[in-house]
Amino acid sequence: MPDANDRAEIIQATYLYARGLDRFDPKEALSAYTDDAVWDATGVGLDRYEGREQVLAFFERDAGSMSEQFHIMTNHVVEFDDDDHAHGTNYVLAEGKTTTGASIKAAALNVDTYQRTAGGWKIASRVISPLTAPEMEGFEA
């Protein structure tokens, strides 16, 4: 049965994703995800990506289009489905500036699924929905 260490590892994966984005390190951000992960930000005006290659390509475009950014992850709720699968939610506050000087801002709810892998717990899917109206004009990743 999953325990507090499993929950902490899942939450750590969400932080690793955010740190990778904010350090402009797409591979670190991707390391939080399973190989067949889905990353869906259609709710905030971006796209949906499936699989390691598509998700990494988006994270690389993000790193190239942003001059500064931060992601604060909070309010984690994790529920276990079985020993190797879980689902949950967390909030993200993201702000930054693009390389062309446009400002972005989003407060959103991440609805996630998680999977235990040989490398530990990873995010298997993330669907991002706005909590307030996102300000994404000028973001072209």
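**The sheet**

Start by colouring the strands of this predicted model: you will find an open sheet of six strands, running in the order β2-β1-β6-β5-β4-β3 with mixed pairing. The strands at the edges are β2 (48-50) and β3 (66-82), and each of them pairs on one side only. Going from one strand to the next, the twist averages 20 degrees.

Now select residues 103-117 and 120-130. These are β5 and β6, which pair in the antiparallel sense over 10 bridges. To see the two strands face to face, show Val111, which stands opposite Val127 in β6.

**Two helices on the sheet**

Which strands does α1 touch? Bring the helix into view with the sheet: α1 packs there, touching β1 (33-40), β3, β4 (85-98), β5 and β6. Its direction makes about 165 degrees with that of β3.

Next, select residues 51-65 for helix α3. This helix also packs on the sheet, where its contacts are with β1, β2, β3 and β4. The direction of α3 makes about 60 degrees with that of β1.

**A walk along α1**

Go back to α1 and select residues 4-22. With 19 residues at 1.5 Å a residue, the helix should span 27 Å, and because its end C-alpha atoms are 27 Å apart, the model agrees with that expectation.

Zoom in on the N-terminal end. Asp3 caps the helix here: one of its side-chain oxygens lies 2.9 Å from the backbone nitrogen of Asn5.

Then show the buried residues of α1: Asp6, Ile10, Ile11, Ala13, Thr14, Tyr17, Ala18, Gly20 and Leu21. As you look down the helix, keep in mind that an α-helix has 3.6 residues a turn, so residues three or four places apart point the same way.

**Past the end of α1**

What follows α1? Select Phe24, whose phi is positive, near 55 degrees. Phe24 sits in the loop between α1 and α2. Most residues other than glycine have a negative phi, which makes this a good stop for a backbone check. Phe24 is partly exposed, with a relative accessible area of 32%.

A little further on is helix α2 (residues 26-30), which holds Glu28. Is Glu28 buried or exposed? Its relative accessibility is 13%, so Glu28 counts as buried, the cut-off being under 20%. Leaving aside neighbours within four places in sequence, Glu28 is in contact with Leu16, Arg19, Gly20 and Arg23.

**The nonpolar core**

Time to look inside. The largest nonpolar core has 34 residues, and those touching the most other members are Tyr17, Tyr33, Trp39, Leu46, Phe58, Phe59 and Phe139. At least two core residues come from each of α1, α2, β1, α3, β3, β4, β5 and β6. Which element gives the most? That is α1, with six residues.

Centre the view on Tyr33 and display its surroundings. Apart from neighbours within four places in sequence, Tyr33 is in contact with Tyr17, Trp39, Arg52, Phe59, Lys122, Ile123 and Arg126.

**A last stop in β3**

Finish by selecting Asn75, which is located in strand β3. Asn75 is not a glycine, yet its phi is positive, about 55 degrees. At 42% relative accessibility, Asn75 counts as partly exposed.

Methods. Residues numbered from 1 in each chain as written. Predicted model: local features only at pLDDT ≥ 70, side-chain atom pairs only at ≥ 80, totals over all residues. Heavy atoms only, no water. Helix = DSSP H or I, 4+ residues; strand = E, 2+ residues; numbered from the N terminus. Expected span 1.5 Å × (residues − 1). Buried < 20%, exposed > 50% of the residue type's maximum accessible area, 1.4 Å probe, protein only. Polar contact = N/O pair within 3.5 Å; in protein donor to acceptor, adjacent residues only side chain to side chain. Pairing = 2+ DSSP bridges. Axes fitted to C-alpha atoms, helices over the stretch in contact; angles between N-to-C directions. Contact = heavy atoms within 4.5 Å. Core = buried A, V, L, I, M, F, W, Y, C linked by side-chain atoms within 4.5 Å.
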